[in-house]
Amino acid sequence: MEILDKCQVLKQYFGFDMFREGQEKLIDGILDGKDVFGIMPTGSGKSLCFQIPALMMEGITLVISPLISLMKDQVASLNQAGIHAAYLNSSLTPGQYHKALEYAKAGRYPIIYVAPERLETESFLDFALNSKIAMVAVDEAHCVSQWGQDFRPSYLKIVEFIKRLSKRPIVSAFTATATKEVREDIIDILMLQDPVMMTTGYDRPNLYLSVQTPRDKYEALKTYLEAHPEQGGIIYCLTRKLVEEVSTRLREDGFSVTRYHAGLSDAERRRNQDDFIYDRCLIMVATNAFGMGIDKSNVRFIIHYNMPGSIEAYYQEIGRCARDQEPGECILYYSGQDVVTNQFFIDHNTENRELDYVTRQIVAERDRERLRKMTFYCFTRECLRDYILRYFGEYHANYCGNCVNCLTQFESVDVTEIAKALVGCVSSCRQRYGVTVILDTVRGANTAKIRQYRMDENPYYGMLAKIPIYRLRQVMNELMLRDFLSVTTDEYAIVKLTDTSKKIIDEAEPVIMKMAKEQEARTKGKSDQKAGRSKKTGVELSATDKALFEKLRSLRMEIAREEQVPPYIVFSDKTLVHMCLSKPETKADMLSVPGIGEFKFGKYGKRFLRIFKENAVN
Ligand code: ADP
Ligand code: MG
Ligand code: ZN
């Protein structure tokens, strides 16, 4: 085989013309013989960073990956691109496993995916110690860290394994988790040697972001799904019970839906996941147990039926949307109950049982703080994207043009009087109570708690009785968001004054709040949303092209069935859309479509070209 450079490998095997941000630096680092560490968001293309050098280096690249489904998918993808790759994990029968090892020993695979548990087994060591291992690539590297959300003790075996090899291979690590603790843990635990680091931006500009507070979540969901037929997406719920409820109702209402949560059997989970990945079911209703490593590129929407517990979790979950870089929509349905449910999870967290009491308290406190930041996301009137990126320490313009807040018309409302009463009430009760007691006091509620605390004798009692409760809540959140009030991080969540509270009481600083224009907001929000979408797409297919797209899609489905791989592994939606627009007639035309390389052309090119020929005749 002729020797290809990295750009040729990218084009020939993967069918792409250009590297994405960060990919080249990491690939060059590896080809220079250095360790590398890539911290890049989900969907940014980390796999190519180790796959391309693996094809160019002499010797074998071992890829450590936590999930069987993930390995299967990536290996299928590589095989589709004409690359010999294999995986070694517990899903293989002993016979298949030994066969694969046999081939591996014979040097047939430049890339082998391995489950971390396999690393210390005798048969695997026998192979590894007698082969030339050029690189160990650790995917989802945050699994080594106890700080991360997905700690896997088996990941700790990686370093032991590397130490046993006669020559230390290049070690590369990849993760989408960005927090400082996790990052440091990865470098320490994997003992990366002066790695080339690459952290790329967290922004996913193709994702439309929105928060809604529907009175009836199910109705809102149904309306959305009816307006988006033929599109696939994930609906995340906080509890298994809700997953059952929502998926059942959707099925009864005639939607193509499946479900996933930890309460189902392994077999059913696998089946349902495959139904979704293979496009046999369009909609997946799931708890957060679903999704790690899912590389389905045409997930068009992610709807959160409940608010998740942290921005980290939210961003990871919506990261599965629109990985083909086409437009996708991420909508969060907020309700106050979601906060309560998340609080319950924090207070009854059983995962941390092995931690000592003090550490457990610290973890719980940290989680409450995360929940608070998540809750503020649902109330901010500022750019939602900016809010998330600032959370991860990135600074952008406070306008993205592709989130509900950037697309909604707001009016400025003077809420100074409400603010004064709320801060005054907190002060006069000597900062002893939580949000509910404060709100109940100012609106003059006659509850047992209010009488018990004698808040009905408080000077602010009933002062804001005429203001609707949702407005009081909005202002309370705004005051916290702007640091005029704060809340303790223990489980009691007591409202406290801050250094700036006095501005409101003593200096009578006016508090102006942005609120959606009531009437317009509803109708306007909708049309704006549409405008935002098509603006980002740039490609609204015409009716004839849409028909063409459907033809291409069914051919893709036919091939996927024959080859027993998910459709998006044959070609992504993006590739099909490009075909529709460019209407290729020759091989050269086809090769200029993103996602089509020599190998894939050789396999399917003619069949797709035929569709265009037939189409031109008609
Ligand atoms: P990550 O592991 O970072 O979440 P993946 O490696 O799974 O992301 O890649 C996500 C998607 O991006 C895949 O569909 C992949 O084919 C595509 N992709 C990767 N690199 C490029 C590139 N240079 N040009 C176009 N598409 C790319
Ligand atoms: Mg990945
Ligand atoms: Zn915005």
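What follows is a friendly exchange about how some labels for this predicted model are earned.

This is a predicted model in which local features need pLDDT of at least 70, side-chain atom pairs count only at pLDDT 80 or more, and totals for chains, interfaces and linings use all residues. Residues are numbered from 1 along each chain as its sequence is written, chains are lettered from A and ligands numbered from 1 in the order in which they are written, and side-chain values use heavy atoms, with hydrogens and water left out.

Me: What makes the protein atoms around the zinc ion (ligand 3) count as donors?

Reply: A donor is an N, O or S atom within 2.8 Å of the metal (3.2 Å for Na, K and Ca), and sites may look incomplete because water is not among the atoms. The SG atoms of Cys 383, Cys 400, Cys 403 and Cys 406 lie 2.3 to 2.4 Å from the zinc ion, and these are its protein donors. Along the sequence their spacing reads C-x16-C-x2-C-x2-C.

Me: Why is the arrangement around the zinc ion called tetrahedral?

Reply: Four donors earn that name if all angles lie between 85 and 135 degrees. Here the 4 donor atoms subtend angles of 102 to 119°, so the arrangement is tetrahedral. Cys 383 sits in the loop between helix H14 (357-379) and helix H15 (384-391), and Cys 403 in the loop between H15 and helix H16 (404-407), so the pair ties together parts that are 20 residues apart in sequence. Those helices are DSSP runs of H or I with at least four residues, strands are E runs of at least two, and both are numbered from the N terminus.

Me: How do you know that Cys 383 is buried?

Reply: Buried means under 20% relative accessible area, exposed over 50%, and partly exposed in between (1.4 Å probe, protein chains only). Cys 383 has 3% relative accessibility, so the buried label applies. Cys 403, at 0%, is therefore buried too.

Me: What makes the pairing of Lys 46 with ligand 1 a polar contact?

Reply: A polar contact is a pair of N or O atoms within 3.5 Å; within protein, one must be able to donate a hydrogen and the other to accept it, and residues adjacent in sequence count only if both atoms are side-chain atoms. A polar side-chain atom of Lys 46 is 2.8 Å from an oxygen atom of ligand 1. For Arg 323, an N or O atom in the side chain is 2.6 Å from a ligand oxygen, while Gly 45 offers a polar backbone atom at 3.1 Å. The protein covers 82% of the 570 Å² of accessible area that ligand 1 has on its own (Shrake-Rupley method, 1.4 Å probe; for residues, only the protein chains shown count as cover).

Me: Why is Ser 47 called partly exposed?

Reply: Ser 47, found in helix H3, has 22% relative accessibility, so partly exposed is the right label. Helix H3 (residues 46-56) gives the largest share of the shell around ligand 1, 3 residues.

Me: What makes the phi of Ala 493 worth a look?

Reply: Most residues other than glycine have a negative phi. Ala 493 is not a glycine, yet its phi is positive at about 50°. Ala 493 lies in the loop between strand E15 (485-487) and strand E16 (495-497), and its 18% relative accessibility makes it buried. Lys 583 also has a positive phi, about 45°, and its relative accessible area of 35% makes it partly exposed.

Technical notes: Tetrahedral: all angles 85-135°; square planar, octahedral: opposite > 155°, others 65-115°.
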